Amino acid sequence: MASGSGRCPLPCFLKAIFVFTVAMACLEGVYGGITSVFVRSEWPSVDIPIENEVFAVPKGHNAPQQVHITQGDYDGRAMIVSWVTPDEPGSSTVRFEKSAKNYGLSAEGNVTNYTFYKYKSGYIHHCLLEGLEHGTKYYYKIGNGESAREFWFTTPPRIDPDASYKFGIIGDLGQTYNSLSTLEHYMMSGASAVLFVGDLSYADRYQYNDVGVRWDTWGRFVERSTAFQPWIWSAGNHEIEYMPHMGEVIPFKSFLHRYATPYLASESSSPLWYAIRHASAHIIVLSSYSPFVKYTPQWVWLREELKRVDREKTPWLIVLMHVPIYNSNEAHFMEGESMRAVFEEWFVRSRVDVVFAGHVHAYERSYRISNIQYNVSSGNCYPIPDKSAPVYITVGDGGNQEGLAGRFMDPQPEYSAFREASYGHSTLEIMNRTHALYHWNRNDDGKKVATDAFLLHNQYWASNQRRRKLKKNHSLREIVSQIATY
Ligand SMILES: [Fe+2]
């Protein structure tokens, strides 16, 4: 797992800027959206058979499987390690240390399980490792005897406005051959953490006991990445699993048992919405399928969390949700309108940098636009250019068994900058407090061809007033002056 902490040398950085000049111009308000005509070489959108080696059960009695980690606190000095033991509870202890084979530290977790129809889950362990050092590689070991397994992760750098860091963004992944392609390409990207925008396993496409079985296969499928770097989880509609014909009516039952989030650290009352600070980013996770209208717990929480955002410490304000607010695909068209009506004004007033969503099985990026002038009486209802608004990006193209959403609205709305119906993943490489490089990578191109890319200007620090302050006071003076040339 490569670290995201290394800085790109200045010549390399400037070369990248040349490549992305056109996209930059688009973001600055030169309208003219692109609907890509790329036709992918399609693999079947069917789930990989259970006996395939990508779902292999680790050897040994009661060996830990489905290992995944996520940030365990507000500021990145804790990690939650989760795993499943199939046969008996076993140990919930994580032994860990900064040097391999010398596990001097340990933490005790807890174990839970659940039923879904007649399926009985394995024993699901969650263990919080606290007091970690920032920017440090830790090795950890779970399980006992010959069944024990060892992994490692690197904690994010300390909260710092100029901390460089590379995130991956993946959504609607599933467990098909296309999902595998997305996962493998992501793992070659050099990113250090995943912002996951909902719809994990698509296990709810199955019936009866196979629902639980397909959660298990997905956990083993993604372990190659999730055991080694934090995945920041948000929930989608495929996590709801409201299946009254099977007697299952508790929303998010499987997801909440299996995937822990650090919601208490941000004073949230639900694991489904929360926030973390990670390097130079403040990341807000919202739940599209939980109440969010005025006075609901999620609404109250978000209002308070936005007050806690300090752009002097974490310049990058990123929002994750499942259902996109701006989407010009015929699939799921307007489904995000209710959340737009409630939260868009806050996003604009708070100068959110970027909103990532999934749900639509295609890729789309918006210009900076808003529709906050509209109310039900004004009659003035169309998104207009707004430099204070976020960029909205849909990456619901992980590759699940439902296939691609290939039909876009025609003509392309003015607010839509780029859209393409292909599978892929995105990366957001934060360079410093003012600039970040964004790429969307379609699967067919492998890791080195960025199909859509642009240079993202920070909404807080890229203002002329703060840029002048930065030039005067900060060591990044040279880089900022070079960037201003383009
Ligand atoms: Fe979805």
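**Figure 1. Overview of the chain and of its contacts.** Two residues are in contact if their C-beta atoms, placed from the backbone, lie within 7 Å. The structure is a predicted model, in which local features need pLDDT of at least 70 and side-chain atom pairs count only at pLDDT 80 or more, while totals for chains, interfaces and linings use all residues. Residues are numbered from 1 along each chain as its sequence is written. The chain holds nine helices and 26 strands, which are DSSP runs numbered from the N terminus (helices H or I, at least four residues; strands E, at least two). Among contacts between residues at least 6 apart in sequence, 72% join residues at least 24 apart. Of the 486 residues in the chain, 50% count as buried, where buried asks for 20 or more other C-beta atoms within 10 Å of a residue's own, exposed for 12 or fewer, and partly exposed lies in between.

**Figure 2. The open sheet of eight strands.** Following the sheet across, the strands come in the order β1-β23-β19-β22-β18-β17-β16-β15, and the pairing is mixed; two strands pair if DSSP finds at least two bridges between them. At the edges stand β1 and β15 (274-278), each of which pairs on one side only. Strand β1, made of residues 34-35, is joined to β23 by two bridges in the parallel sense.

**Figure 3. Strand β23 and its two partners.** Strand β23 covers residues 416-420, and because five of its five residues are buried, it is largely enclosed by the rest of the structure. On the side of β1, Thr35 has Arg419 of β23 as its bridge partner. Strand β19 (residues 363-366) runs antiparallel to β23, and four bridges join the two. Within that pairing, Tyr363 finds its bridge partner in Glu420 of β23.

**Figure 4. Strand β22 between β19 and β18.** In β22, as in β23, five of the five residues are buried, so β22 is largely enclosed by the rest of the structure. Val391, Ile393 and Val395 point one way from the strand, whereas Tyr392 and Thr394 point the other way, and all of them are buried. Three bridges tie β22 to β19, and these two strands run antiparallel; in that pairing Arg365 has Ile393 of β22 as its bridge partner. With strand β18 (residues 354-357), β22 (residues 391-395) pairs in the parallel sense over four bridges. Here Phe356 stands opposite Ile393 in β22, and Ala357 stands opposite Thr394 in β22.

**Figure 5. Helix α7 and what covers it.** Helix α7 runs over residues 337-349, and its 13 residues should span 18 Å at 1.5 Å a residue, which agrees with the 18 Å between its end C-alpha atoms; the expected span is 1.5 Å times one less than the number of residues. The helix bends by about 50 degrees at Phe343, where the bend is the angle between axes fitted to the seven residues ending there and the seven starting there. Met339, Arg340, Phe343, Glu344, Phe347 and Val348 are the buried residues to look for in α7. Their cover includes helix α6 (297-308) together with strands β17 (316-320), β18 and β20 (369-370). Just after the helix, Arg351 takes a positive phi of about 55 degrees.

**Figure 6. The open sheet of four strands.** This second sheet has the order β5-β4-β10-β11, and its pairing is antiparallel. Strands β5 (105-108) and β11 (149-154) stand at the edges with a single partner strand each, so one side of each is left without a neighbour in the sheet. Further in, strand β4 (residues 93-97) and strand β10 (residues 137-142) pair in the antiparallel sense over three bridges. One of the residues to locate there is Glu97, whose bridge partner in β10 is Tyr139.

**Figure 7. Backbone details in three loops.** Most residues other than glycine have a negative phi, and most peptide bonds are trans. Asp410 and Pro411, however, are joined by a cis peptide bond with omega of about 5 degrees, and Pro411 has its place in the loop between β22 and β23. Glu241, although it is not a glycine, has a positive phi of about 50 degrees; this residue lies in the loop between β14 (231-232) and α5 (253-258). Glu267 also has a positive phi, near 60 degrees, and is found in the loop between α5 and β15. As for their surroundings, Glu241 is buried, because 20 other C-beta atoms lie within 10 Å, whereas Glu267, with 13 C-beta neighbours inside 10 Å, counts as partly exposed.
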